[in-house]
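Trainee: I am new to this structure. Please take me through one part of it closely.

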Amino acid sequence: MISENNFTLAKLIMLHKDTNVTYDRELELYKFNIKGLADYSYSLKIRVPHGKKKVKKPKKVTYNAGPFTIKLAEKIYASDIDLKHGVINLHKGNAAGYYDTPDHRNVFYYETNKSIGWVADIKNPFATKIAQKVTEPQFFELANLAKKRYENALHLKDNFAQIKTMIGR
């Protein structure tokens, strides 16, 4: 679960009238940039993947060793499985050419516990989608809000003062 402060902060940034919103279809990533909080902009990124997790199929190999035949299957490692986790990340920018590790700039980072990409798949049963949404309600609320914000279907406010005090904590 996302902490309540981080959840509120993400909602405030998305509903702020001066936040710049972009969507990258290839990466399935919503990006919200807000300037004026510090020397450099803050960036809220929400990745909402689509599709089922992809598992590399093992190759079957057969060796003929004289009178014996050995059948082997290639081992599948965790790195071979492309899980479709949702991600929410808020980080602060820095000056061009200034090299700093991304961890030092993170305000917060959240990744869903399970692969959530299949929730958007039309072929999956409705009950399965509801079960997944119940396990990650805040993530799906923010993902839905991000989509509506990108489509300009929300009433926006000036949340600058609230955002500044929450980031200052």
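Trainee: Is F140 buried or exposed, and what is its relative accessibility?

Mentor: Keep in mind that this is a predicted model. F140 counts as buried, because its relative accessibility is 14% and the cut-off for buried is under 20%. Now look at F139. At 1% relative accessibility, F139 counts as buried too. The rings of F139 and F140 make a pair. Their centres are 5.5 Å apart. Their planes stand at 80°, so the pair is edge-to-face. The cut-off for that label is over 60 degrees.

Stay with helix α4, which covers residues 137–150. E141 is in this helix. E141 forms a salt bridge with K11. The closest N and O atoms of K11 and E141 are 3.4 Å apart. Side chains of opposite charge can pair when their charged atoms come close. K11 sits in helix α1, residues 4–15. The salt bridge therefore joins distant parts of the chain, 130 residues apart. How exposed are the two partners? K11 is partly exposed, at 27% relative accessibility. E141 is partly exposed as well, with a relative accessible area of 39%. The count of salt bridges comes to 1.

Next, go to Y150, also in helix α4. Y150 pairs with Y30. The ring centres of Y30 and Y150 are 6.2 Å apart, with 65° between the planes. That pair is edge-to-face. Y30 lies in strand β2, residues 29–34. The pair ties together parts that are 120 residues apart in sequence, because Y30 is in the strand and Y150 is in the helix. Their surroundings can be read from accessibility. Y30 counts as buried, at 9% relative accessibility. Y150 is partly exposed, with a relative accessible area of 37%. Y23 joins Y30 and Y150 in one aromatic cluster. In total, the count comes to 4 aromatic pairs.

For contrast, turn to the surface. V61, Y63, I70 and L72 form a nonpolar patch there. Together these residues have about 350 Å² of accessible area. Strands β5 (60–65) and β6 (68–73) each give two or more residues to the patch. L72 is found in strand β6. L72 counts as partly exposed, because its relative accessibility is 45%.

Now return to helix α4. E141 reaches helix α1 through its salt bridge with K11, and Y150 pairs with Y30 of strand β2. F139 and F140 pair with each other, edge-to-face.

Terms used:
Residues are numbered from 1 along each chain as its sequence is written. This is a predicted model: local features need pLDDT of at least 70, side-chain atom pairs count only at pLDDT 80 or more; totals for chains, interfaces and linings use all residues. Side-chain values use heavy atoms; hydrogens and water are left out. Patches are made of residues with over 30% relative accessible area and no salt bridge: like charges are joined within 9 Å, nonpolar side chains (Val, Leu, Ile, Met, Phe, Trp, Tyr) within 5 Å. Accessible areas come from the Shrake-Rupley method with a 1.4 Å probe; for residues, only the protein chains shown count as cover. A salt bridge is a side-chain nitrogen of Lys or Arg within 4 Å of a carboxyl oxygen of Asp or Glu. Helices (H or I, at least four residues) and strands (E, at least two) are DSSP runs, numbered from the N terminus. Buried means under 20% relative accessible area, exposed over 50%, partly exposed in between (1.4 Å probe, protein chains only). Rings of Phe, Tyr and Trp (its six-membered ring) pair if their centres lie within 6.5 Å; planes under 30 degrees apart count as stacked, over 60 as edge-to-face and the rest as tilted.
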